[in-house]
Amino acid sequence: MKVGIDDISLYVPGFYFPLTELAKQHGIDADKYLIGIGQEKMAVPSPDEDIVSMAANAAAPLLNSAVVNSISTVILATESGIDQSKSAGMFVHGVLGLASNCRVIEIKQACYGATAGIQMAYAMIHQRPHERVLVIATDVARYQQNSEGECTQGAGAIAMIISSAPRILEIHPHQGRHSVDVMDFWRPNQHKAALVDGKLSIDVYLDSLKQSWKNYRKDGGRPLVALQHLCFHQPFTKMAKKAFSVFETIEPDAAAKIGARSYQLSQIYGREIGNCYTASLYIALLSLLDNSEEDLSNHHVGLFSYGSGSVGEFFSGTIVEGYTKHSRKGAHAAMLKYRSALSYETYQNWFYQDVAADVASYRVPTLTSGQYRFSGSEGFRRLYAPSLHLQKKAG
Ligand code: COA
C-alpha cells in the first residue's frame, strides 16, 4: 500500500522584519546574516496570531467535507506550546469545526515533532487505510533579544493530509533514527525565548545526520545516488550547506554526482521566512516542490529531521506523478509576496512583549489578514475567531 502526503499547505504571517535592518541595529555587516547565516527576512506574527491561528490558517485550505469526515486523528507538533494541559490541536479542532469522531494530540520533541507525527500517521493509515490523518507543524522561533540566535527567528505553519492515496509524496518504509540526551537547545517553562548553545547544536545536528543516515541505509534505505533531492531541517538556510558537507565527507563520489543542486531549491522559502522549528523541514520540501521549473514526478527525495535534545531521523519518499495538479504554489507565492515590512520598534514590541502573560481577560486588535485569529482571553481561556474583515464580508 502507498501511504504519504496527500495534500500540503503553508501559512506565514503577513509581516516580516528585514535582516539588513537587524544587522544595522546590531552594528554588524549585513552579509553575516544574508550570506553567513543565509537568511533575508524573519516572519513576525502580529499580536493576534499564535500557533493555533497559524495552524488553522494552514489547514483550512485542505478541508473539504470528504476530507473532514475521514480525518481520524489530528496531530499537532509544536515547541511553542500555549497550554501545559490542553493540546493546541484541540483548539484547532474547535476553530475549524472538525468532526467529533476524531482523536487530537500535541507532540513535542523540539523541531523533530512533525516527523514523529508523520511516522505515527503512516502506521495509522496502514492500519485503517480508509481514514486520513491531519498533521500540523506550527511554531514561533523566538530567541533572546540581541542573542546570536535572533537573526534566525521566524514563524509559520505547515498542514499535511496523510492518506493511502497520496497525491504529493509517497513515503518509503525505511527509517534511520538517532537519539541522544544532550542540552544543545531548550526552553524552561518560565522562559518565553529558547536557550541555546548554538555551536554545540550545529555539531550535534551534523553527528545526528551522520548516524541517522547510517541507520537509514542499514534499514534498507536507498543509496545517496538514488536520491535526486535532499531536504534538511533548516534552522537557518546555511545549515543545509553544512548538512550536505556531511555527505561530501562520508560519500564523496555520490555527493559530487548529485551536487549542491540537490538541496538549493529547498532553501528558497526558508530564506524568506526564518526558522519555524517543527515546520522548517516541511517548508524545505514545499520550497523544492513549488520552486522547481522541472516536473519532479517520480523523483526520490531524502529528508532529514532534527530536533534538539536530540532526535534525528532520515527517511525518504517519491514525488507522485501529477503532483503539480494539486500544488498551491500560487497561493504560497502570493502569501510571501504581499507581506508588510515592520519597523524595528514594532518588531521588538510584537516579538518580545508578552503584555497579557498574567492578565486573565483582554482583547487583541485585528491586525492579521489570515482567515483565523487569536482574539484575546476570557478568564485565562484563549479565544479564537474568524478575522473581522471576513466576518464583515460574510455579513
Ligand atoms: N560575510 C559573510 N559571512 C560571514 C560574515 C560576513 N561579513 N561574518 C560572518 N560570516 C559567517 C561566518 O564565517 C560563519 O560561517 P560558517 O558557519 O560557514 O563558518 C557564519 O557567518 C556564522 O557566523 P558565526 O560567527 O559562527 O555566527 P554566530 O556565532 O553569531 O552564531 C549560530 C551562529 C547559528 C550558532 C547562531 O545563530 C545560533 O545560535 N542560532 C540558533 C541555534 C541554531 O539554529 N542551531 C542550529 C542547529 S539546530
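**A quick walk through the model**

Okay, let's start with helix 1, residues 19-26: this helix lies across strand 2 and strand 3, and its direction is at about 50° to strand 2. Keep in mind that what we have on screen is a predicted model.

So what sheet do those strands belong to? Strands 3, 2 and 15 make an open sheet, in the order 3-2-15, and the pairing is mixed. Strand 3 (41-43) and strand 15 (340-341) are at the edges with a single partner strand each, so one side of each has no neighbour in the sheet. Strand 2, which is residues 15-18, pairs with strand 3 in the antiparallel sense over 3 bridges. If you want a spot to click on, take Pro 18: its bridge partner in strand 3 is Lys 41.

A quick reminder for anyone new to this: strands in a sheet pair through backbone hydrogen bonds, and they can do that parallel or antiparallel.

Next, strand 4, residues 71-77. Is this strand mostly covered or mostly open? Mostly covered: 7 of its 7 residues are buried. Strand 4 has parallel pairing with strand 6, residues 132-141, through 6 bridges. There you'll find Ile 71 opposite Arg 132 of strand 6. Strand 4 also pairs with strand 5, residues 103-107, again in the parallel sense, this time over 5 bridges. Thr 73 sits opposite Arg 103 of strand 5.

Now scroll along to another sheet. This one is open, with 3 strands in the order 16-17-18, and the pairing is antiparallel. At the edges are strand 16 (362-363) and strand 18 (381-386), each pairing on one side only. Helix 3, residues 51-59, packs on this sheet and touches strand 17 and strand 18, with its direction at about 150° to that of strand 17. As for strand 17 itself, residues 372-378, this strand pairs with strand 16 over 2 bridges, in the antiparallel sense. Look for Arg 363, whose bridge partner in strand 17 is Gly 376.

On to the ligand. Which residues come nearest? There are 19 residues around the ligand, and the nearest are Lys 32, Lys 199, Ser 201, Lys 238 and Lys 242. Let me give you some distances to ligand oxygen atoms. A polar side-chain atom of Lys 242 is 2.5 Å from one oxygen atom. For Lys 199, a polar side-chain atom is 2.6 Å from an oxygen atom of the ligand. With Glu 148 we're talking backbone: an N or O atom there lies 2.9 Å from a ligand oxygen. How much of the ligand does the protein cover? On its own the ligand has 980 Å² of accessible area, and the protein covers 72% of that.

Last stop, a couple of loop residues. Gln 145 is in the loop between strand 6 and strand 7 (154-163). With a relative accessible area of 40%, Gln 145 counts as partly exposed. Beyond its neighbours within four places in sequence, Gln 145 is in contact with Glu 150, Gln 348 and Tyr 352. With Gln 348 there's a polar contact, side chain to side chain, at 2.3 Å.

Then there's Lys 325, in the loop between strand 14 (311-319) and helix 13 (329-337). Is Lys 325 buried or exposed? Its relative accessible area is 69%, and the cut-off for exposed is over 50%, so Lys 325 is exposed. Along the chain, Lys 325 and Ile 168 are 157 residues apart, yet their C-alpha atoms are separated by 9.5 Å.

Technical notes. Residues are numbered from 1 along each chain as its sequence is written. This is a predicted model: local features need pLDDT of at least 70, side-chain atom pairs count only at pLDDT 80 or more; totals for chains, interfaces and linings use all residues. Side-chain values use heavy atoms; hydrogens and water are left out. Two strands pair if DSSP finds at least two bridges between them. Helices (H or I, at least four residues) and strands (E, at least two) are DSSP runs, numbered from the N terminus. Contact means heavy atoms within 4.5 Å. Axes are lines fitted to C-alpha atoms, for helices over the stretch in contact, and angles run from 0 to 180 degrees between N-to-C directions. A residue is near a molecule or strand if one of its heavy atoms lies within 4 Å of it. A polar contact is a pair of N or O atoms within 3.5 Å; within protein, one must be able to donate a hydrogen and the other to accept it, and residues adjacent in sequence count only if both atoms are side-chain atoms. Accessible areas come from the Shrake-Rupley method with a 1.4 Å probe; for residues, only the protein chains shown count as cover. Buried means under 20% relative accessible area, exposed over 50%, partly exposed in between (1.4 Å probe, protein chains only).
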